[in-house]
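Q: Could you take a close look at one part of this model for me? I'd like a connected walk through a buried polar spot and what surrounds it, with the wider fold as background.

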Amino acid sequence: MQAGGENMSYQEPKRGTETKDQRQFDEAVNNKGKVVLEWLAGAGILAAVLMSTVALIQSGEHKEVLISSGNTTTPTTSTSAAASKPPLQPVSVKIIGAFKPGPDGKRHDAFTTTAFAVHVGQPLTLTIDNTDDVPHSITSPAAGVNITIQPGVHDYKLVVNEAGRFQWFCVIPCDSDAKGWAMEHAGFMAGYITAT
């Protein structure tokens, strides 16, 4: 109503054409929006993986993790506690694709040994036979460990500078048939390092 009590006429829009146009517009926005959102999600995941990898590499640079191929080396520093303990016996490990059955009935990539006992500050020699054609890793940010394991048989040094029980895992995507399941489960491509 207008001032003075008169009714103002209101015209109803043409529903058929406008509704159809609105629906087509909404569908176009939804389709393009989904593509953009999927692209952004993919870019975000890629950025997160890259940042995690860089952080793990940088954390490994500041800790004492010695890697050698064939020849063994010793750390330049050792603590008196580590020096008083007997040397650790080398550990032989294999990494085998589709090796170990999981609870889902599938065979998963796995390390043959996933529990490592070390003395604080004392290197443990790991002779690892990576039978896969891609690198894998033993990575434990909490323990300051980031070892990249190349295909073939190589010696690596595992050194932890503080006491504790630390979870480790492979950060290099693997067990792809099961969407990386083994990377998250101890006894497969993950495990524990116990430093005393």
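A: **A buried histidine and its surroundings**

Happy to. The protein chain has two helices and nine strands, in a model that is predicted. Along the sequence these elements follow the pattern α-α-β-β-β-β-β-β-β-β-β. The chain holds 196 residues, of which 32% are buried. Among contacts with a separation of 6 or more, 64% link residues 24 or more positions apart.

Let's start with His108, which sits in strand 2, residues 107-111. With a relative accessible area of 0%, His108 is buried. Its side chain makes a polar contact of 2.9 Å with the side chain of Asp175. Once neighbours within four places in sequence are set aside, the residues in contact with His108 include Ile96, Ala98, Phe99, Lys100 and Gly102. Also in contact with His108 are Asp175, Ala178, Trp181, Ala182 and Phe188.

The partner, Asp175, belongs to the loop between strand 8 and strand 9. Asp175 is buried as well, at a relative accessible area of 4%. Its backbone deserves a glance too: Asp175 has a positive phi of about 55° although it is not a glycine. For background, most residues other than glycine have a negative phi. Lys179 likewise has a positive phi, of about 55°, and is not a glycine. Lys179 is found in the loop between strand 8 and strand 9, but Lys179 is exposed, with a relative accessible area of 81%.

Now for the sheet that strand 2 belongs to. It is an open sheet of four strands in the order 2-1-4-7, and its pairing is mixed. Strand 2 and strand 7 are the edge strands, each pairing on one side only. From one strand to the next, the twist averages 25°. Inside the sheet, strand 1 and strand 4 run parallel and are joined by five bridges. Ile95, for example, has Asn130 in strand 4 as its bridge partner.

Strand 2 also leads us to the nonpolar interior. The largest nonpolar core has 30 residues, and Phe116, Ile138, Leu158 and Ile193 have the most contacts inside it. Strand 2 is one of the strands that each supply at least two residues of this core; others include strand 1 (91-101), strand 3 (115-118), strand 4 (124-130) and strand 6 (145-149). Strand 7 (152-158), strand 8 (164-169) and strand 9 (190-195) do so too. As general context, nonpolar side chains in soluble globular proteins tend to be buried together. Ile138 gives a feel for the neighbourhood: beyond four places in sequence, Ile138 is in contact with Phe111, Phe116, Leu126, Ile128, Val145 and Asn146, among others. Its contacts also include Ile147, Ile149, Trp168, Phe169 and Ile193.

One last stop is a pair of cysteines. The count of disulfides comes to zero. Cys170 is in no disulfide, and the nearest cysteine sulfur, that of Cys174, is 3.9 Å away. The pair does not qualify because a disulfide needs the two sulfur atoms within 2.5 Å. Cys170 is buried, at a relative accessible area of 1%, and Cys174 counts as buried too, at 8% relative accessibility.

To sum up the spot you asked about: buried His108 meets Asp175 through a side-chain polar contact of 2.9 Å, and Asp175 reaches this contact from the loop between strand 8 and strand 9.

Terms used: Residues are numbered from 1 along each chain as its sequence is written. This is a predicted model: local features need pLDDT of at least 70, side-chain atom pairs count only at pLDDT 80 or more; totals for chains, interfaces and linings use all residues. Side-chain values use heavy atoms; hydrogens and water are left out. Buried means under 20% relative accessible area, exposed over 50%, partly exposed in between (1.4 Å probe, protein chains only). A polar contact is a pair of N or O atoms within 3.5 Å; within protein, one must be able to donate a hydrogen and the other to accept it, and residues adjacent in sequence count only if both atoms are side-chain atoms. Contact means heavy atoms within 4.5 Å. A nonpolar core is a set of buried Ala, Val, Leu, Ile, Met, Phe, Trp, Tyr and Cys residues joined through side-chain atoms within 4.5 Å. Two strands pair if DSSP finds at least two bridges between them. Axes are lines fitted to C-alpha atoms, for helices over the stretch in contact, and angles run from 0 to 180 degrees between N-to-C directions.
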